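Subject: Structure handover

Hello,

Here is the structure I promised to pass on. My notes on what turned up follow directly below it.

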Amino acid sequence: MGPCKEWSEEKFPSRNALEVLMPAKLRQMVGEKFEAMKVESLHSRLLTYLGYVVAFILLSSYSWYMGNLVTLDNLYALWKAGKVHKNSVIVLFWVVACVGVVWCMSRPRKIYMLDFACYKAAEDRKCTLELAEYFVRRSERFSLDNMMFQKKVFEKSGVGEETYIPPFIFKDNYEDITLEAVWEETGEVIYGAVDELMHKLNMEADDIGIIVTVCSVFNPIPSLASHIMNHYKMKEDTKCLHLAGMGCSSGVIGIDLASSLLKTSRANTNALVVITENISLNWYFGNNKSMLVTNCLFRMGCAALILSNNPGDRNRAKLELIHSLRTHTGADEKAYTAAFQEEDEEGYLGIGLKKELVPVASEGLEAHITALAPMVMPFSEKLLYLLYLVKRKVFKMDVKPFVPNLTLAFEHFCIHTGGKAVINSIGKHLRLNDYLLEPARMVLHRFGNTSCSLVLYELAYMEAKNRIKKGDRIWMVSFGTGFKCNTLVWKALLDVGDPAYSPWNDCIHRYPVKLS
């Protein structure tokens, strides 16, 4: 039995409905299923800090005691008296050196992002609201009610007049989607982004040791990773992997996968990560309103980036990966079916977005922040969370869920741009001001929802606005079907501003724009 039930316009949540729904759910989202994880995480951190304090006290006491017994004069006197053998000193030196080498080699390798590129389509791919309405009417497959519904979604979605749609829509027989049309879009965006990236870094194909491609709905045989390897004639020992079906969060997951491979690699190498989604294959021609929303929001896009595990690349890298985290609430049936691909009543394939999606995302985000906060928040926020737990668990007080002040941990936020209401709700929940939400809103306006690559378009916006300074921390967070919430935390290694290649170069002077 399919997960999506009959849909009506009244059931589809409007912007106001979402804003009302979110606070109500936020007051209830701290359920018993997350309490054990919260307490366990807090206890683990507190025990770790307690161990550090005890170790510091013991070492300080021992150092003070030994400092009173053993002085440099005493050691020199023992050496002159021949009571300290020279061979013993040499052996001790080599033991210390070997322990130091083993300790350094056992540490996890640091991962650096050398650079990235975001694809921007040609001018003839732009889709205005008027053109979008024309395509809807030309199809003659949609009822009048559904045509008005799509127009309403277009107007309230936050998507602007300069987004890009795939080439098949401009053709006369655009309803007959062929594999050739799918490949036309995929090849255009992938090789456009990768060519620009390789040119920016002045890299050759042989410099790549790992390829990770990400695309949820288009999974050809051979894989997209193999197509890239063949196109650029890469060396035979290049490792190729492809991620599919992971939804809008798959870009962050792909980067995390590539970084894991680099951390376990014995050799210094580079990983090419290519992140895209195919709009042609995902275009919906039926009349199920829950599935029509994707036609209104999703647009062409692709991002490519190079990761490196070579310590020598630190001086030229833009970012260093500090943390990664993935949480999954798919065991819950409501979360699992909140966004689901299936056929409608007429046999058309589409991805249905159920009305439970926003509250499911809220609960998933709450669980995710619970796991993330101990990794990134300052000690003062951890103490506040401890007080919250004491009030709730010990004194049984009815208190609001604790939401940490994430601006103490990060300077920049690349949040999920699923739609205007989603961005507003996340900002309200996390207490982010308009300045921090600006990149997400402007990306949605200029490029639409590019799915898994959207966080990198936000990063490109920050670069174009000269916002990123050395030492700044950047939080990338994305949602995906299943339901998944994924995080990457980066640290800027240099000041980045006014890049020569950017999808924002020709329009950044017009942004931010005022949104209704």
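Pro222 sits in the loop between β4 and α8 (224-232). The peptide bond joining Ile221 to Pro222 is cis, with omega at about -5°. Keep in mind that this is a predicted model. Another cis bond runs from Tyr511 to Pro512, and its omega is near 5°. Pro512 belongs to the segment after β13 (484-492).

**Backbone angles**

Two residues other than glycine deserve a look here. Arg431 has a positive phi, near 60°. Its place is the loop between α15 (420-430) and α16 (434-447). Ser451 also has a positive phi, near 65°. Ser451 lies in the loop between α16 and α17 (454-464). Is Ser451 buried or exposed? Its relative accessible area is 2%. The cut-off for buried is under 20%, so Ser451 counts as buried.

**The sheet**

Now the strands. An open sheet of nine strands runs in the order β5-β4-β6-β7-β1-β8-β13-β12-β11. Its pairing is mixed. The edges are β5 (239-243) and β11 (412-414), each of which pairs on one side only. Neighbouring strands are turned against each other by 25° on average, direction ignored.

In general, strands of a sheet pair through backbone hydrogen bonds, parallel or antiparallel. Here are the pairs I looked at:

- β6 (residues 270-276) with β7 (residues 302-308): antiparallel, seven bridges. Leu272 stands opposite Ile306 in β7.
- β1 with β7: antiparallel, six bridges. Ala117 faces Ala304 of β7 as its opposite residue.
- β1 with β8 (residues 319-328): antiparallel, two bridges. Tyr112 has Glu320 in β8 as its bridge partner.

How well covered is β1? Seven of its seven residues are buried. Helix α7 (residues 179-201) lies across β1 (112-118), β4 (208-214), β6 and β7. The helix runs at about 130° to β1.

**The hairpin**

β9 (residues 339-343) and β10 are antiparallel and joined by five bridges. Phe340 has Gly352 in β10 as its bridge partner. Five residues lie between the two strands of this hairpin. One residue of the hairpin, Gly347, takes a positive phi near 95°. Strand β10 (residues 349-353) is mostly covered, with four of its five residues buried.

**Tyr284**

Tyr284 lies in the loop between α10 (279-282) and α11 (289-297). Where does its side of the story lead? Start with exposure: the relative accessible area of Tyr284 is 0%. With buried set at under 20%, Tyr284 is therefore buried.

Its contacts come next. Leaving out residues up to four places away in sequence, Tyr284 touches Phe142, Met291, Leu292, Asn295, Asp344, Tyr348, Leu349 and Gly350. Leu349 and Tyr284 are 65 residues apart along the chain. Their C-alpha atoms are separated by 6.7 Å.

**Cavities**

How many cavities of 30 Å³ or more does the structure hold? There are five. I looked at the second largest, which has a volume of about 110 Å³. It is lined by 13 residues. Those closest to its centre are Ala132, Phe135, Val136, Phe154 and Trp283.

Two elements, α5 (129-139) and α6 (144-156), give two or more residues to this lining. Which of the elements gives the most? That is α5, with three residues. By class, the lining has 10 nonpolar, two polar and one charged residues.

**Where to look**

If you have little time, here is a short viewing list:

1. The cis bonds, from Ile221 to Pro222 and from Tyr511 to Pro512.
2. The positive phi values of Arg431 and Ser451.
3. Tyr284, with its relative accessible area of 0%.
4. The second largest cavity, of about 110 Å³.

Best regards

Note on methods. Residues are numbered from 1 along each chain as its sequence is written. This is a predicted model: local features need pLDDT of at least 70, side-chain atom pairs count only at pLDDT 80 or more; totals for chains, interfaces and linings use all residues. Side-chain values use heavy atoms; hydrogens and water are left out. On a 1 Å grid over the protein atoms alone, a cavity is a set of points where a 1.4 Å probe fits but cannot get out, and a pocket is an open set with protein on both sides within 12 Å along at least five of seven lines; lining residues have an atom within 4 Å of a point. Grid points are joined across faces, edges and corners, and a volume is the space filled by probe spheres set on the points. Ala, Val, Leu, Ile, Met, Phe, Trp, Tyr, Cys and Pro count as nonpolar, Asp, Glu, Lys and Arg as charged, and the others, Gly among them, as polar. Buried means under 20% relative accessible area, exposed over 50%, partly exposed in between (1.4 Å probe, protein chains only). Two strands pair if DSSP finds at least two bridges between them. Axes are lines fitted to C-alpha atoms, for helices over the stretch in contact, and angles run from 0 to 180 degrees between N-to-C directions. Contact means heavy atoms within 4.5 Å.
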